[in-house]
Amino acid sequence: MDNVAHTLENLHTETRSFRPLASFAAHANATAYEYKKAGVDRLEYWREAAQRLAWKTPFTEILDWSDAPVARWFHDGTLNACDNAVDRHIREGRGDRVAFHFVGEPGDTQTLTYADIHERVQKAANGLASLGVGKGDRVAIYLPQIPEAVVAMLACARVGAIHSVVFGGFSADSLRQRIDDAEAKLVITADGGNRRGSHLALKPLVDDALAGHPEQGPAASVEHVLVVRRTGQDTAWTEGRDLWWHDVVDPQPAEHEPVWVEAEHPLFILYTSGTTGTPKGLWHSTGGYLTGAAQSHRLVFDLKPETDVYWCTADVGWITGHSYIVYGPMINGATQVLYEGTPNTPHEGRWWEIVEEYKVTILYTAPTAIRTFMKWGKAIPQQYDLSSLRLLGSVGEPINPEAWMWYRRVIGGDRCPIVDTWWQTETGSIMISPLPGVTATKPGSAMTPMPGVSIDVVDDAGRPVANGEGGYLVITEPWPSMLRGIWGNRHRYVSTYWNHFDGLYFAGDGAKKDVDGDLWLLGRVDDVMNVSGHRLTTTEIEHSLVSHPWVAEAAVVGASDEVTGQAVVAFVIVRSDAHGVPSEGSEVAAALREHVRRQIGALAKPRTILVVSEVPKTRSGKIMRRLLRDVAENRATGDVTTLADPTVMDAIRGGLEAGRAD
Ligand code: WTA
């Protein structure tokens, strides 16, 4: 509870509240009836939500919880995710609607209608089938944010294959680990992507991943690598294994009958940081997952598919991209912006220029982006016409009241409802959020559980806390889009999520109920860090650091950071017997940061590395991260009485001036 206690102290009492505008409420998709319906009969509420999907065979049973905590929802029905996201719109006469306004970083654009996507996914599905990829096979997707990423995911779903998208910022080692764990048969990648005006190579990382580590052997499961030509850069080629996407996919016929799968058939695996260090392959079902994604998207974003232009700025490599770019919005027939680039290329007004040009009405982004824009100043967004915006969303980490108010005023012109949405890779879809047009909002609070979702805040013994108190966030009833497990490891699934409190799903977050019972998220209470909305664990970075020959011991903490929410701060003890260690702390730090980048990816690079002579430990040898966070956040050191050696903290602070290397 270290983090919770600390954040609770700092959480000032927020009293502002914004009631929905009557003009918005009059046309809102959500009504208070939603809560009422779900309150009266939760399962019936979910049955109705699931029936909005297109089923090949209708389901008769809603929930089978007999094998708890592994749920089966709508299990005797059959359907196909791609059919729901694409074909259905063609059948119902919406083929001409724009699905994506793609905005590439160098300025290239593509407009893709649902009919265009339909053609592309059928060709791609035939292409996958021609490579022998079929139902239940795993396909790793390692692509930039380009239309082929969406098409590849949907084509996998179409043939019943299970996609495992790996964010393009991960290293070759991280990619190999994920390919190995899922035993992927195919890897879909690109020659490269565009980043801040230059070409970033991707294919060489796949080559490295497949060449493998001398001790661990190559990713033996992979038969082919399918390569999208994006940048046109030179690419090494392994004959027989590597194939161009355009050679395989383009000549295929544009007719493909979807493979109908049971509702519980796995749709995808997505790896996320686990507390023990190795990433966990969380897997989601088809029917339940799609029900959660589509229903929440319709209610939380108030989507009016004929008139809205929706832009979720996440990468498709994260769960937000899966649920709120690919599956939820496409099932709902949304017109979206898909942007390959960064917020400040070629200038710091790029996002607002896109909002103006495409008349974006709904924007969904992360607090770290909002805080960055705050730093750049309101004069930049004010140069653009943002009057098309009518709803703003936030996700990924707690949003501080200042950022919330800035978002509301400067971006939303005081007229757009803000939906602060709490959820996780594990939950598949939004679990806590205001419903626009219904819920009065408070800056910094995610407010109330979604209809049909049962949430509580409990104390150490698992008892619900009273209003005004804080504790652990739990989900008390199964929900359709809940993860079905950790790939190949039921035991780890049960022990990670269900063993803390009997019969309750423990999310890993601390939360507070305010006097009205509204929810305030307080950040993680385990060793998961949230850096710019990306999940990392202290252990995975510590493992990486100690694998460097200079490092004897490492302790990593997430220190609060004005822009990124948290930042990685590492304390390292250098081996006395190591050769060639630079005498300058800054050189040691630079080498270690590069080491972590190579092993995990740029997103995990420590912001600060401090070379110290010792780290604080309890008598039982456990590192006391709380004290290191005090140092990293420049606070007076807290209670040291449980330390094996109470003088350690003085030694660390005393040695800092010399060793500090940001
Ligand atoms: C955090 C991202 C506060 C939380 C969708 C959670 C949030 C973790 C919010 C999941 C929010 C996400 N307010 N914290 N609105 N949204 N989080 O799996 O700590 O990448 O456990 O899913 O992000 O991160 P993940």
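Student: Which elements each supply at least two residues of the shell around the ligand?

Tutor: This is a predicted model, in which local features need pLDDT of at least 70, side-chain atom pairs count only at pLDDT 80 or more, and totals for chains, interfaces and linings use all residues. Residues are numbered from 1 along each chain as its sequence is written, and side-chain values use heavy atoms, with hydrogens and water left out. At least two shell residues come from each of α12 (319-331), β20 (418-421) and β25 (519-524), where helices (H or I, at least four residues) and strands (E, at least two) are DSSP runs numbered from the N terminus.

Student: Which residues come nearest to the ligand?

Tutor: A residue is near a molecule if one of its heavy atoms lies within 4 Å of it. Of the 17 residues around the ligand, the nearest are T421, T425, D509, R524 and R535.

Student: How far is an oxygen atom of the ligand from a polar side-chain atom of D509?

Tutor: A polar contact is a pair of N or O atoms within 3.5 Å. For D509 the distance is 2.6 Å, while an N or O atom in the side chain of T425 is 2.5 Å from an oxygen atom of the ligand. The protein covers 96% of the 530 Å² of accessible area that the ligand has on its own, as given by the Shrake-Rupley method with a 1.4 Å probe.

Student: How many cavities of 30 Å³ or more does the structure hold?

Tutor: Rolling a probe the size of a water molecule over the atoms shows where empty space is left. A cavity is a set of points, on a 1 Å grid over the protein atoms alone, where a 1.4 Å probe fits but cannot get out, and its lining residues have an atom within 4 Å of a point. The structure holds 4 such cavities, and the largest has about 50 Å³ of space, a volume being the space filled by probe spheres set on the points. To the lining of this largest cavity, α11 gives the most, with 4 residues.

Student: Is M447, which has a positive phi, buried or exposed?

Tutor: Most residues other than glycine have a negative phi, and most peptide bonds are trans. M447 has a positive phi of about 70° although it is not a glycine, and this residue is buried (under 20% relative accessible area; exposed is over 50%), with a value of 2%. R196 also has a positive phi, of about 45°, but R196 counts as exposed at 51%.

Student: Where is a cis peptide bond found, with omega of about 0°?

Tutor: That cis bond joins T345 and P346, and P346 lies in the loop between β17 (336-339) and α13 (350-358).

Note on methods
1 Å grid on protein atoms, 1.4 Å probe; cavity = no way out; pocket = protein on both sides within 12 Å on 5 of 7 lines; lining within 4 Å. Polar contact = N/O pair within 3.5 Å; in protein donor to acceptor, adjacent residues only side chain to side chain. Buried < 20%, exposed > 50% of the residue type's maximum accessible area, 1.4 Å probe, protein only.
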